[in-house]
Amino acid sequence: MGFFKKKAKNEEFLSPMKGIVRELADVPDQVFSEKVMGDGFAIEPTSGKVAAPISAKVAAAFPTGHAFGLKASDGTEILIHIGIDTVQLNGEGFDVKVKAGDDVKQGDTLVEIDLDVIKAAGKSVISPIIFTDGKTVEVRKKNREVSLLEKRIVDIFED
């Protein structure tokens with residue numbers, strides 16, 4: 001943790017899915033593992049429900065269901081990318097519950113995913129959660145299973 005970082009003052013971030021928390025370095029895609037899009041962490045989901053970790057506007061909801069961009073009123077911007085190369089599934093295994101422009105409350109379901117369909121297609125289910133607004137993240141529960149909407153899985157800092 002940097003000496004000049006201060007903890008972000010925003011709504012408490014909750015786990016968007018149930019699964020094992022991973023560092024971005026563990027994601028098998030360089031765009032995420034090298035933090036090209038921003039800092040964050042990943043979850044290897046063990047169940048298929050993906051929920052809004054904060055209250056926000058859905059800035060982007062890909063029709064394939066594989067990625068969602070959220071923007072909170074305090075400026076926090078988050079990308080939730082479900083799996084790696086899952087866009088190639090063209091929506092198979094994804095039941096999208098929101099669309100761009102929707103307002104979601106913390107805990108609202110964004111998408112339900114069929115992990116078996118994704119794995120059968122040979123895709124990784126590890127799901128990066130990226131703060132695209134420049135915030136930095138310190139993972140508190142690395143390599144531990146977290147429940148859906150669990151608190152205190154990461155600390156979020158702004159410069």
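**A walk through the predicted model**

Val31 sits in helix α1, which covers residues 30-33. Keep in mind as you look around that this is a predicted model. With a relative accessible area of 36%, Val31 is partly exposed. Val31 also has company at the surface: together with Val36 and Met37 it makes up a nonpolar patch, and the three residues share about 250 Å² of accessible area.

From helix α1, let's move on to helix α2, which spans residues 115-120 and includes Ala120. Ala120 has a relative accessibility of 71%, so it counts as exposed, the threshold being over 50%. If you would like a sense of how the chain is laid out in space, try Ala120 and Gly19: they are 101 residues apart in sequence, and their C-alpha atoms are 19 Å apart.

Now to the strands. Strands of a sheet pair through backbone hydrogen bonds, in either a parallel or an antiparallel way. Here you can trace an open sheet of eight strands with antiparallel pairing, in the order β9-β5-β6-β7-β11-β3-β2-β13. At its edges are β9 (103-104) and β13 (145-146), each of which pairs on one side only.

Start at the β9 edge. Strand β5, residues 56-61, runs antiparallel to β9, and two bridges join them. Across this pairing, Lys57 stands opposite Asp103 in β9. Ala56 belongs to strand β5 as well. Its relative accessibility is 8%, so Ala56 counts as buried, the limit being under 20%. What is Ala56 in contact with, leaving aside its neighbours within four places in sequence? The list is Leu70, Lys71, Ala72, Asp102, Asp103 and Val104. Gly75 is 19 residues away from Ala56 along the chain, and the C-alpha atoms of the two are separated by 9.5 Å.

Further along the sheet order you reach strand β11, residues 127-131, where Ser127 is found. Is Ser127 buried or exposed? Ser127 is buried, with a relative accessible area of 0%. Its side chain nevertheless has polar atoms of the backbone to face. The backbone oxygen of Val125 lies 2.8 Å from a polar atom of the Ser127 side chain, and the backbone nitrogen of Gly83 lies 3.1 Å from a polar atom of that side chain. Gly83 appears again among the residues that Ser127 touches, along with His81 and Ile82. Not counting residues up to four places away in sequence, Ser127 also touches Met17, Phe41, Ala42, Ile43 and Pro45.

Conventions
Residues are numbered from 1 along each chain as its sequence is written. This is a predicted model: local features need pLDDT of at least 70, side-chain atom pairs count only at pLDDT 80 or more; totals for chains, interfaces and linings use all residues. Side-chain values use heavy atoms; hydrogens and water are left out. Patches are made of residues with over 30% relative accessible area and no salt bridge: like charges are joined within 9 Å, nonpolar side chains (Val, Leu, Ile, Met, Phe, Trp, Tyr) within 5 Å. Accessible areas come from the Shrake-Rupley method with a 1.4 Å probe; for residues, only the protein chains shown count as cover. A salt bridge is a side-chain nitrogen of Lys or Arg within 4 Å of a carboxyl oxygen of Asp or Glu. Helices (H or I, at least four residues) and strands (E, at least two) are DSSP runs, numbered from the N terminus. Buried means under 20% relative accessible area, exposed over 50%, partly exposed in between (1.4 Å probe, protein chains only). Two strands pair if DSSP finds at least two bridges between them. A polar contact is a pair of N or O atoms within 3.5 Å; within protein, one must be able to donate a hydrogen and the other to accept it, and residues adjacent in sequence count only if both atoms are side-chain atoms. Contact means heavy atoms within 4.5 Å.
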